[in-house]
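Colleague: I am new to this structure and would be grateful for a close look at a single part of it. Please take the second largest pocket: what lines it, and how does its surrounding chain hold charged side chains together?

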Amino acid sequence: MTKTALIRPAWTPATIALMVVGFMVFWPLGLAMLAYILWGDRLDDVKGDLSKARDKFFGSCRKGPAMYGRTGNVAFDDWRAAELARIEEERCKLDVMRDEFDTYLRELRRAKDQEEFDRFMSQRPNPASSNERKPGNGENLLDDV
């Protein structure tokens with residue numbers, strides 16, 4: 001998703017206004033908009049997961065080379081079998097490439113999130129180290145209780 005889109009899963013004035021209008025018109029619309037704001041960035045992952053599940057479920061329904069009857073023309077049948085095998089091999093390669101790309105995107109998102117978190121932690125003042133009372137001899141942190 002682009003960061004410049006008017007309606008994106010984030011707290012922007014447009015999405016807040018749509019949520020408020022949705023609650024005023026029909027409350028489930030407001031709830032749907034709130035859900036989109038909170039979890040809309042995960043829709044691509046869900047869509048990909050559903051697509052993979054659908055492909056697995058309906059994969060057995062695909063017509064393979066064994067499903068086609070012989071035409072009687074041996075040369076054509078051999079050519080068709082070779083082409084179907086080549087197409088199936090290409091599809092398998094594309095599935096592997098898609099899985100590799102999905103893994104790459106997941107790692108890219110994780111690295112971006114880690115970089116943002118590290119930047120946040122480096123900019124944040126560390127109150128634990130500045131306000132921490134150091135115990136002296138014989139003092140224990142449980143003595144304050």
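Modeller: What follows begins with the chain as a whole, turns to the pocket, and ends with salt bridges and one buried residue.

The model is predicted, so to speak of its reliability, local features need pLDDT of at least 70 and side-chain atom pairs count only at pLDDT 80 or more, while totals for chains, interfaces and linings use all residues. Residues are numbered from 1 along each chain as its sequence is written, and side-chain values use heavy atoms, with hydrogens and water left out.The protein chain has five helices and zero strands; helices (H or I, at least four residues) and strands (E, at least two) are DSSP runs, numbered from the N terminus. Read from that end, the order of elements is α-α-α-α-α. Of its 145 residues, 8% count as buried, where buried means under 20% relative accessible area, exposed over 50%, and partly exposed in between (1.4 Å probe, protein chains only). The accessible surface comes to about 12,500 Å², and carbon and sulfur atoms hold 63% of it; such areas come from the Shrake-Rupley method with a 1.4 Å probe, and for residues only the protein chains shown count as cover.

The second largest pocket has a volume of about 340 Å³. A pocket is an open set of points on a 1 Å grid over the protein atoms alone, where a 1.4 Å probe fits, with protein on both sides within 12 Å along at least five of seven lines; lining residues have an atom within 4 Å of a point. Grid points are joined across faces, edges and corners, and the volume is the space filled by probe spheres set on them. The lining consists of Asp44, Asp45, Lys47, Gly48, Asp49, Ser51, Lys52, Arg98, Asp102, Leu105, Arg106 and Arg109. Helix 3 (43-58) and helix 4 (74-123) are the elements that give two or more residues to this lining, and helix 3 supplies the largest share, seven residues. By character the lining divides into nine charged, two polar and one nonpolar; Asp, Glu, Lys and Arg count as charged, Ala, Val, Leu, Ile, Met, Phe, Trp, Tyr, Cys and Pro as nonpolar, and the others, Gly among them, as polar.

Salt bridges number 14, each being a side-chain nitrogen of Lys or Arg within 4 Å of a carboxyl oxygen of Asp or Glu. In helix 4, arginine 91 and glutamate 88 lie three residues apart, about one turn of the helix, and their side chains form a salt bridge of 2.5 Å, N to O. Arginine 91 is partly exposed at 29% relative accessibility, as is glutamate 88 at 36%. Glutamate 89 and lysine 93 are also in helix 4, four residues apart and separated by about one helical turn; the closest N and O atoms of their salt bridge are 3.6 Å apart. Glutamate 89 is partly exposed at 46%, and lysine 93 is partly exposed at 42%. Salt bridges that share partners join Glu88, Arg91, Asp95 and Arg98 into one network, and Arg98 is one of the residues lining the pocket.

Aspartate 77 and arginine 70 form a further salt bridge, with the closest N and O atoms 3.4 Å apart. Here aspartate 77 is buried, at 2% relative accessible area, whereas arginine 70 is exposed at 60%.

Lastly, threonine 15 lies in helix 1 (residues 13-25) and is buried, at 0% relative accessibility. Beyond its neighbours within four places in sequence, threonine 15 is in contact with Ile7, Arg8, Ala10, Met33 and Ile37, contact meaning heavy atoms within 4.5 Å.
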